[in-house]
Amino acid sequence: MTLLIAILVFGLIAALFGALLGYASIRFKVDADPIVEQIDAILPQTQCGQCGYPGCKPYAQAVADGEAINKCAPGGEDTIKKIADLMGVEAEPLDESHEKDNRPKVAFIIEEDCIGCTKCIQACPVDAILGAAKQMHTIIADECTGCDLCVAPCPVDCIEMRVVPETTQNWLWDLNSIPVQQID
Amino acid sequence: MESIINRINQQKFWSFHGGVHPPEQKTLTNQKPIKPLSLPEQLIIPLQQHIGRQGDLLVQVGDHVLKGQPLTKSTNPMAVPVHAPTSGTITAIKHSVIAHPSGLSELCIFLNVDHQDTWVERTPCNDVATLTNQEIVKKIADAGISGMGGAGFPTHIKVDTKPDINFLIINAAECEPYITADDLLMCEHSESIVDGIKILNKLLNPAFILIGIEDNKPKAIEALKKATAGIEKIHVCVVPTEYPAGGEKQLIQILTGKEIKSGTLPIKEGIIMQNVATCYAISEAILHDTPLIQRVVTVTGQALEKPQNVWALLGTPVHYLLSQCGFDNQGMEKTPVIMGGPMMGFSLPTDTVPVIKTTNCILAPSYKEMPSAFEGNSAEVECIRCGQCADVCPTNLLPQELQWSAKAKDYPQLNKLNLSDCIDCGACAYVCPSHIPLVQYYRIAKAEIRQQQQQELKAEKAKARFEARKQRLEKEKRARELKHKKAAEARKAAMNKATPEATEAKSAVAAALARVKAKKAANQKSPSSSAISAPVETTENQDNKKAQVAAAIARAKAKKQAKPAPEIDAKENAKVEPSNTDSKKAKIAAAVAKAKAKKSQEKAPIQGQEQNQEQTDSLSLADKKANAIAKAKAKALAKKQASSNNDSSTASDLTIASTAESEPAIDEKDAKKAAVIAKAKAKALAKKNKESNTDNKVSEKNTVNVEPRKVQNTSETSTINDTNNISDKDAKKAAIIAKAKAKALAKKKLATQSVSEEKTMHEQEKGAK
Ligand code: SF4
Ligand code: SF4
Ligand code: SF4
Ligand code: SF4
């Protein structure tokens with residue numbers, strides 16, 4: 001009899017905890033961020049296609065599927081390092097085929113020369129170009145990611161990439177400080 | 001709150017963590033009155049002199065401006081205007097080095113002083129009570145007042161807050177060594193300062209007003225006590241001297257014992273802090289209608305003969321101030337000049353930079369006084385982990401840890417260590433026995449973190465815009481497809497309604513077309529089955545795009561119905577007449593035959609020639625492609641045929657077949673062009689069959705476009721010319737046939753492909769027989 005009670009009690013306890021755990025696993029479920037989203041969050045979102053994919057998300061997908069992690073030129077070494085950390089692989093130097101200069105740039109339309117063909121608008125991945133057919137076009141500099149994609153389609157070569165100038169807003173404090181000394 | 005006031009009345013205060021006692025060096029200047037300066041020759045007025053945004057320019061080069069005249073206009077709440085500090089002529093508006101540690105240039109107005117010092121018209125206000133709060137706030141904004149102690153936050157925003165204010169704290173601590181500007185201002189203009197405090201009182205209506213002042217300014221304390229005597233609300237709180245007691249959070253903690261949590265503003269606790277110099281500027285602006293055009297600057301340091309506080313017009317170049325105070329460059333090429341105090345200031349890149357609203361001190365030290373300022377940071381050695389920095393940090397940070405992380409650029413760790421709470425006070429660097437310029441590392445790290453955050457924001461935005469664009473393109477594509485489908489359905493519906501038998505006729509015609517084409521293919525290609533299967537394979541690989549091209553070609557061909565082929569002879573014509581299996585078919589056949597007959601009369605000889613040429617060309621690569629396309633069509637049509645009458649080997653079929661035979665000769669490019677034109681025409685014709693004039697025009701235009709491209713392919717040209725002669729009804733039919741074919745092609749599926757392949761082959765064999 002005691003045996004039966006013991007079995008019953010333990011059975012009940014087991015069932016209770018089982019139910020509790022089951023409920024907790026549903027109630028407190030953590031939505032694991034899928035790896036693609038995590039990689040995408042690291043990429044600079046320039047949407048330039050230099051990696052050979054039509055935008056950052058597709059490249060994130062490709063990296064998740066085993067593509068090399070060193071193809072994003074705008075991201076540079078920092079991005080490679082972060083992806084390497086995330087994926088648990090060795091960081092590698094940036095793909096040789098990219099140009100080294102990845103200072104931030106924005107596109108600039110020489111407005112007198114623009115013929116209003118709208119080709120650049122179609123090329124811009126983030127809709128940062130303003131204009132209409134046969135009207136002068138211009139770049140919304142704040143939205144431009146510096147992806148370079150609008151430069152090639154322009155039939156009159158009136159788009160150029162300009163390095164973002166250093167201002168007091170984005171300056172990075174590289175100077176000597178003024179130390180204070182006790183004087184007597 | 002009462003207990004706080006009780007404690008204050010007993011002159012008992014709280015204290016903050018850490019703090020240092022650097023040599024004060026205030027006696028250099030605090031015994032001399034504020035000296036009014038003679039006017040300099042030129043003033044350089046930066047458009048932006050505070051945190052926030054710059055205003056819009058109101059003046060042009062060459063304009064003559066009067067003292068106090070606004071030079072910019074604020075269009076943004078975070079922008080405050082700047083005013084002409086004296087009368088004169090604007091000689092330039094250009095980028096110039098500004099008072100910023102980076103030595104970068106920003107837009108400045110260059111004013112050549114005319115020494116007349118003529119004021120604009122002012123309307124002094126004798127009674128503040130007559131003004132509403134809105135008016136006062138607007139006046140403060142228009143006077144261009146921004147915080148004059150620290151970073152220069154626009155004052156009108158700070159004083160335009162709604163929630164209940166417990167404490168208005170007037171910051172008169174002036175804890176940084178050397179600086180005595182506020183001290184002297186309080187000694188000389190305590191009445192005006194109290195007037196300003198009264199105005200703030202009216203605006204904010206705080207429960208208590210506390211003036212926090214360090215005990216090293218006895219004269220100023222006395223003057224303030226005298227000026228505030230009899231005002232219940234105002235308490236002059238004399239606090240012990242300790243650097244940085246003048247920090248906002250530190251002073252709040254000293255006076256009220258409240259710690260402002262990391263990342264929150266004092267306003268959350270019902271506390272607002274204003275600087276004494278700001279109070280003075282407010283009283284000047286409201287009572288005397290004088291905008292912020294000058295301020296007290298402590299010009300000090302042992303490199304000067306006569307260090308003194310001066311009334312400097314905003315925009316006065318630093319070298320002018322120095323020369324007025326007897327600057328001696330000690331026989332050195334480059335003597336450092338520091339703007340701000342020795343703890344928080346920065347070395348000026350050049351001495352042409354102008355005084356701005358936040359400039360409280362110009363420090364020109366002698367070599368003996370501050371040798372390190374001359375030599376740079378050569379003295380830095382490794383951290384010895386003494387922990388002194390953590391002891392003195394007023395914000396309870398761990399400067400040593402911060403330093404390691406800053407050097408390693410470990411930004412997440414820096415955030416964890418609350419780097420953002422660091423007030424750049426420099427206390428840690430001051431005590432560091434290893435001479436590590438700690439604040440320097442923090443400033444770099446802060447700037448980088450800020451930039452990273454901005455980049456992240458930008459990336460976020462770019463991502464959103466990218467996604468939005470993708471969605472937009474997707475939507476547009478869908479909308480286009482829907483439109484096309486609707487149009488097609490509308491046409492189909494119209495056809496079905498007009499003639500109930502139309503569907504049957506259509507399928508019959510399509511089937512016929514397929515059979516004839518199959519036959520033609522069999523004729524033109526080699527009779528061996530392998531030759532046939534090759535193009536079929538190609539067909540399988542054809543994607544949608546090719547199918548579309550094929551459809552377009554089909555439409556083009558439909559046009560050619562009217563075109564007679566050389567093979568058409570009396571025999572075939574004869575066949576047309578007896579075939580009246582179906583009234584609809586007969587109608588089409590009749591129309592086609594009619595057109596053909598006409599054509600054959602006109603163009604038979606030429607067509608014969610063309611046909612020969614075509615056949616010789618037929619082995620070219622382009623032809624192969626065309627054949628492949630034709631085959632694809634044939635397949636699709638064969639499928640259709642299965643459901644339609646199998647015995648419809650009528651004359652009309654043959655007619656169409658013979659027409660189609662000239663098709664492979666058109667090379668792909670031509671075919672494409674023709675297809676595009678045909679499409680346009682078919683559409684135009686179907687739509688506008690009533691306005692036949694317009695139709696003809698369109699057709700003619702197309703013909704003109706095509707002709708130069710098709711030098712050798714006159715048959716094509718003639719076809720298009722022909723189109724002009726087609727009656728409305730014919731045009732409609734042509735369009736219908738083309739549509740049917742296009743639809744069949746679009747619907748083509750892999751599963752049915754094999755079936756249709758067989759059928760095609762069957763048909764081809766049949767045709768060959
Ligand atoms: S290369 Fe350009 S598109 Fe590719 S991941 Fe980097 S930023 Fe995005
Ligand atoms: S592609 Fe060049 S010419 Fe065409 S709209 Fe853009 S900027 Fe103007
Ligand atoms: S500079 Fe920053 S870390 Fe150093 S003592 Fe001041 S608040 Fe603390
Ligand atoms: S005071 Fe300087 S040496 Fe001492 S622990 Fe801090 S950083 Fe290191």
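**Reading helix packing, a sheet and unusual backbone geometry in chain B**

Tutor: In this predicted model, helix H4 (residues 181-204) of chain B and helix H5 (residues 218-228) of chain B have axes that come within 8 Å and cross at roughly 10 degrees.

Student: How is such a helix pair described, and which residues of H4(B) and H5(B) make the contact?

Tutor: Two packed helices are characterised by the angle and the distance between their axes. Because angles under 35 degrees count as roughly parallel, H4(B) is roughly parallel to H5(B). From H4(B), the contact is made by B:Asp183, B:Met186, B:Cys187, B:Ser190, B:Glu191 and B:Val194; H5(B) contributes B:Lys219, B:Ala220, B:Ala223, B:Leu224, B:Ala227 and B:Thr228. By class, the residues of this contact are seven nonpolar, two polar and three charged.

Student: What is the order of the four strands in the open sheet of chain B, and which strands stand at the edges?

Tutor: Strands of a sheet pair through backbone hydrogen bonds, in either a parallel or an antiparallel sense. Here the order is E10-E9-E8-E11 (chain B), with parallel pairing. Strand E10 (234-239) and strand E11 (271-275) of chain B stand at the edges; each has a single partner strand, so one side of each lacks a neighbour in the sheet. On average, neighbouring strands are turned by 25 degrees against each other, direction ignored.

Student: How many bridges join strand E8 of chain B to E11(B), and which helix packs on the sheet?

Tutor: Strand E8 (residues 167-172) of chain B pairs with E11(B) over five bridges. One bridge partner is B:Asn275 in E11(B), which faces B:Asn171 in this pairing. Helix H7 (residues 276-288) of chain B packs on the sheet and touches E8 and E11 of chain B; the direction of H7 makes about 80 degrees with that of E11(B).

Student: Where is the peptide bond that is cis, and which residues other than glycine have a positive phi?

Tutor: Most peptide bonds are trans, and most residues other than glycine have a negative phi. The bond from B:Tyr243 to B:Pro244 is cis, with omega near -5 degrees, and B:Pro244 lies in the loop between E10 and helix H6 (248-256) of chain B. Positive phi values occur at B:His115, near 65 degrees, and at B:Asn418, about 60 degrees. B:His115 lies in the loop between strand E7 (105-113) and helix H2 (133-142) of chain B, whereas B:Asn418 lies in the loop between helix H12 (411-416) and helix H13 (427-431) of chain B.

Student: Are B:His115 and B:Asn418 buried or exposed?

Tutor: B:His115 is partly exposed, with a relative accessible area of 41%; B:Asn418 is also partly exposed, at 33%.

Technical notes:
Residues are numbered from 1 along each chain as its sequence is written. Chains are lettered from A and ligands numbered from 1 in the order in which they are written. This is a predicted model: local features need pLDDT of at least 70, side-chain atom pairs count only at pLDDT 80 or more; totals for chains, interfaces and linings use all residues. Side-chain values use heavy atoms; hydrogens and water are left out. Axes are lines fitted to C-alpha atoms, for helices over the stretch in contact, and angles run from 0 to 180 degrees between N-to-C directions. Helices (H or I, at least four residues) and strands (E, at least two) are DSSP runs, numbered from the N terminus. Angles under 35 degrees count as roughly parallel, over 145 as roughly antiparallel, 65 to 115 as roughly perpendicular and the rest as oblique. Contact means heavy atoms within 4.5 Å. Ala, Val, Leu, Ile, Met, Phe, Trp, Tyr, Cys and Pro count as nonpolar, Asp, Glu, Lys and Arg as charged, and the others, Gly among them, as polar. Two strands pair if DSSP finds at least two bridges between them. Buried means under 20% relative accessible area, exposed over 50%, partly exposed in between (1.4 Å probe, protein chains only).
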